[in-house]
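Open the model in your viewer and keep the sequence panel beside it. This tour goes from one selection to the next and says what is there at each stop.

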Amino acid sequence: MNQLYQAMHRIYDAQNELSAATHLTSKLLKEYEKQRFPLGGDDEVMSSTLQQFSKVIDELSSCHAVLSTQLADAMMFPITQFKERDLKEILTLKEVFQIASNDHDAAINRYSRLSKKRENDKVKYEVIEDVYTSRKKQHQTMMHYFCALNTLQYKKKIALLEPLLGYMQAQISFFKMGSENLSEQLEEFLTNIGTSVQNVRREMDSDVETMQQTIEDLEVASDPLYVPDPDPMKFPVNRNLTRKAGYLNARNKTGLVSSTWDRQFYFTQGGNLMSQARGDVAGGLAMDIDNCSVMAVDCEDRRYCFQITSFDGKKSSILQAESKKDHEEWICTINNISKQIYLSENPEEIAARVNQSALEAVTPSPSFQQRHESLRPAGQSWPPTARTSSSGSLGSESTSLAALSLDSLVAPDTPIQFDIISPVCEDQPGQAKASSQGNRRTNPFGESGGGTKSETEDSILHQLFIVRFLGSMEVKSDDNPDVVYETMRQILAARAIHNIFRMTESHLLVTCDCLKLIDPQTQVTRLTFPLPSVVLYATHQENKRLFGFVLRTSGGRSESNLSSVCYIFESNNEGEKICDSVGLAKQIALHAELDRRASEKQKEIERVKEKQQKELSKQKQIEKDLEEQSRLIAASSRPNQASSEGQFVVLSSSQSEESDLGEEGKKRESEA
């Protein structure tokens with residue numbers, strides 16, 4: 001009975017576990033639609049199918065719960081009652097019968113030891129009473145025990161059959177409920193799901209086969225990509241990207257001069273640069289790259305480094321790419337994002353139009369001044385006609401250009417440079433030595449510096465103004481003040497759109513040779529503009545603090561043609577004074593140039609006169625020699641006159657040469 005009880009109890013426990021597990025399965029299927037899988041899309045068909053399965057399994061769970069309850073009532077209760085009540089009753093009666101038998105045996109033993117010689121009525125009475133009582137008790141116990149044993153034979157049959165009957169009835173009831181729930185519609189649903197599973201399996205096999213073939217093809221095609229720095233001729237740089245991802249080394253300062261490099265995965269997301277370390281679940285914000293600046297830098301003798309500076313200049317980060325291709329693509333991508341090209345409908349098309357500005361940022365240079373070396377003019381001075389036309393350009397009015405549209409002055413897609421100031425610490429090492437010699441710095445426009453004294457020391461004009469650089473951009477025309485006005489409008493509008501309010505203050509030095517931007521703290525020359533290249537200058541018509549000038553250069557978007565760049569500044573109510581000073585400097589330079597040319601022309605005339613004087617003196621000497629020679633010939637011919645024909649006067653070779661020179665001298669004199 002104990003073994004049977006344990007077996008049935010296992011059935012009951014298993015049924016309870018099955019019911020609980022089925023209910024948990026239904027609950028998990030209901031929560032599937034709340035799950036978000038990184039590689040799985042929004043599959044509504046899968047979610048609805050699982051919801052249907054959840055309902056069916058939930059109904060099965062309810063059926064299993066009913067079956068568990070029926071097993072508890074119809075199977076476990078009868079056998080438990082037989083075990084806990086009937087069997088315990090028999091065991092108890094058996095123990096009582098054993099005790100009564102032992103008491104009866106003890107009473108018989110005492111009775112048997114009664115003495116025949118010395119009879120005691122009192123002792124005899126007690127022994128007989130004890131035997132009577134014990135025998136009666138044993139008899140009663142025996143009858144109850146035997147009756148219970150006989151009854152147990154029937155209870156045993158009941159205890160065996162009733163649980164089995166209850167188990168079978170519970171199972172039949174469970175199967176009936178299942179038959180009622182499993183309708184034809186459910187069978188059709190299960191058939192469709194089975195067909196779908198087979199289709200998914202076939203699709204998976206086909207996909208796996210395709211992926212295996214793709215993997216083999218990629219392994220063959222990607223072999224050159226395993227090289228850390230691939231050939232740029234085979235893999236050209238894409239400069240029109242607005243999204244990029246890849247591994248970069250980030251520089252982290254650990255002390256004043258020490259730093260570490262951490263390799264992390266970086267990717268762009270809209271206008272943000274995100275980073276994700278190894279083991280992280282998701283990426284975090286590294287920097288806001290809207291309106292930021294990016295340039296290639298040299299850092300700790302590492303290749304392919306570039307620096308990103310936020311729009312407010314408060315945060316910067318130095319990163320290192322793995323190859324030259326990645327290096328240029330990262331710079332171009334960040335440069336495109338900083339212009340908010342990604343917000344347009346066709347970002348790659350717009351990025352292609354402003355690709356020129358990205359190419360300028362890719363050129364490795366530690367400062368913006370070196371980037372302006374590409375704008376170096378071809379010569380030290382321009383023709384006089386150009387200087388003459390530019391000296392009066394401030395107040396001139398050209399009727400021929402009045403009808404030109406704004407697009408003919410400034411191209412709509414021209415990139416704007418908002419900052420030309422580079423940190424002083426990025427100057428070349430050779431400049432430190434040059435600073436001890438009059439604080440002279442390398443001129444980005446290629447002016448020669450052979451003399452020990454600065455070129456501006458001999459200038460009669462030295463005027464210093466405080467200015468703030470607003471921006472610069474390439475223009476199409478340089479002979480109309482409207483160019484400066486339109487450039488001012490576009491730069492101010494671009495600063496307002498991109499929320500760029502920071503301006504770097506500089507000192508503008510106006511001399512007869514050039515315009516210089518000087519750092520007010522270190523007195524280092526940041527940028528130099530040759531005065532002959534400044535062809536146009538003007539102030540704003542309403543805001544007199546704004547002024548600008550156009551610089552004509554030999555570089556730019558077109559290497560073969562001249563280009564013009566317009567620079568816009570803000571001053572402290574001195575815009576007209578600065579323009580007047582520039583005009584005065586150009587007039588002084590013009591007069592100096594005219595004086596120099598007049599002096600050179602006078603020297604040339606004097607040289608010509610001196611040469612003519614030498615020729616004339618030489619001609620006179622030749623004539624004198626010829627006269628002397630003719631007298632000698634006449635004197636020698638008189639005493640030696642011959643009457644016969646065929647006699648000639650023979651002259652020496654020197655005399656013949658002198659005669660030839662005399663004839664040439666006469667010809668030159670006649671020509672003069």
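Helices here are DSSP runs of H or I with at least four residues, numbered from the N terminus. With that rule, residues 121–181 form helix α3, and L161 is part of it. Bear in mind throughout that this is a predicted model.

**The whole chain**

Begin with everything shown. The protein has 672 residues, of which 35% count as buried. Colour by secondary structure and you should find 13 helices and 14 strands. Show the surface next: its accessible area is about 42200 Å², and carbon and sulfur atoms account for 52% of that. Among contacts between residues at least 6 apart in sequence, 67% join residues at least 24 apart.

**Stop 1: a nonpolar patch**

Select M1, L160 and L161. These residues make a nonpolar surface patch of about 260 Å². L161, in helix α3, has a relative accessible area of 60%. Because exposed means over 50%, L161 counts as exposed.

**Stop 2: a salt bridge between two helices**

Now select D58 and K30. Their side chains meet in a salt bridge, at 3.8 Å from N to O. What does this pair tie together? D58 lies in helix α2 (residues 44–112) and K30 in helix α1 (residues 2–30), so the bridge ties together parts that are 28 residues apart in sequence. D58 is partly exposed, at 25% relative accessibility. K30 is also partly exposed, with a relative accessible area of 39%.

**Stop 3: the open sheet**

Select strands β1 to β7. The 7 strands form an open sheet, and reading across gives the order β4-β3-β2-β1-β7-β6-β5, with antiparallel pairing. Which strands stand at the edges? They are β4 (284–288) and β5 (293–299); each has a single partner strand, so one side of each is left without a neighbour in the sheet. From one strand to the next, the twist averages 40°.

In general, the strands of a sheet pair through backbone hydrogen bonds, either parallel or antiparallel. For an example, zoom in on β5 and β6 (residues 302–309), which run antiparallel and are joined by 6 bridges. Within this pair, C299 stands opposite R302 in β6.

**Stop 4: a residue in the sheet**

Select L319, which lies in strand β7 (residues 316–320). Is L319 buried or exposed? L319 is buried, with a relative accessible area of 1%. Leaving out residues up to four places away in sequence, L319 touches L248, N249, A250, Y266, L273, Y304, C305, F306 and I308. Add R263 to the selection and draw a line between the two C-alpha atoms: L319 and R263 are 56 residues apart along the chain, and these atoms are separated by 9.6 Å.

**Stop 5: the loop between β4 and β5**

Move to N291, which lies in the loop between β4 and β5. N291 counts as buried, at 15% relative accessibility. Apart from neighbours within four places in sequence, N291 is in contact with F311, S338, Q340 and H498.

**Stop 6: the helix across the sheet**

Show helix α5 together with the sheet. α5 lies across β1, β2 (259–269), β3 (272–276), β5 and β6, and runs at about 10° to β6.

Then select K244 and E329. The two form a salt bridge, with the closest N and O atoms 3.0 Å apart. This pair links distant parts of the chain: K244 is in the loop between α4 (184–221) and β1 (245–253), E329 is in helix α5 (residues 324–338), and they are 85 residues apart. Are these partners buried or exposed? K244 is buried, with a relative accessible area of 13%. E329 is buried as well, at 5%. Extend the selection to K325 and D326: K244, K325, D326 and E329 are linked in a network of salt bridges.

**Stop 7: a salt bridge within one helix**

Finish with E628 and R631. Their side chains meet in a salt bridge, at 2.2 Å from N to O. Both residues lie in helix α12 (residues 575–637), 3 residues apart, which is about one turn of the helix. E628 is partly exposed, with a relative accessible area of 38%. If you wish to look for others, the count comes to 22 salt bridges.

Key:
Residues numbered from 1 in each chain as written. Predicted model: local features only at pLDDT ≥ 70, side-chain atom pairs only at ≥ 80, totals over all residues. Heavy atoms only, no water. Patch = residues over 30% accessible without salt bridge, like charges linked within 9 Å, V, L, I, M, F, W, Y side chains within 5 Å. Areas by Shrake-Rupley, 256 points an atom, 1.4 Å probe, with all protein chains shown as cover. Salt bridge = Lys/Arg side-chain N within 4 Å of Asp/Glu carboxyl O. Buried < 20%, exposed > 50% of the residue type's maximum accessible area, 1.4 Å probe, protein only. Pairing = 2+ DSSP bridges. Axes fitted to C-alpha atoms, helices over the stretch in contact; angles between N-to-C directions. Contact = heavy atoms within 4.5 Å.
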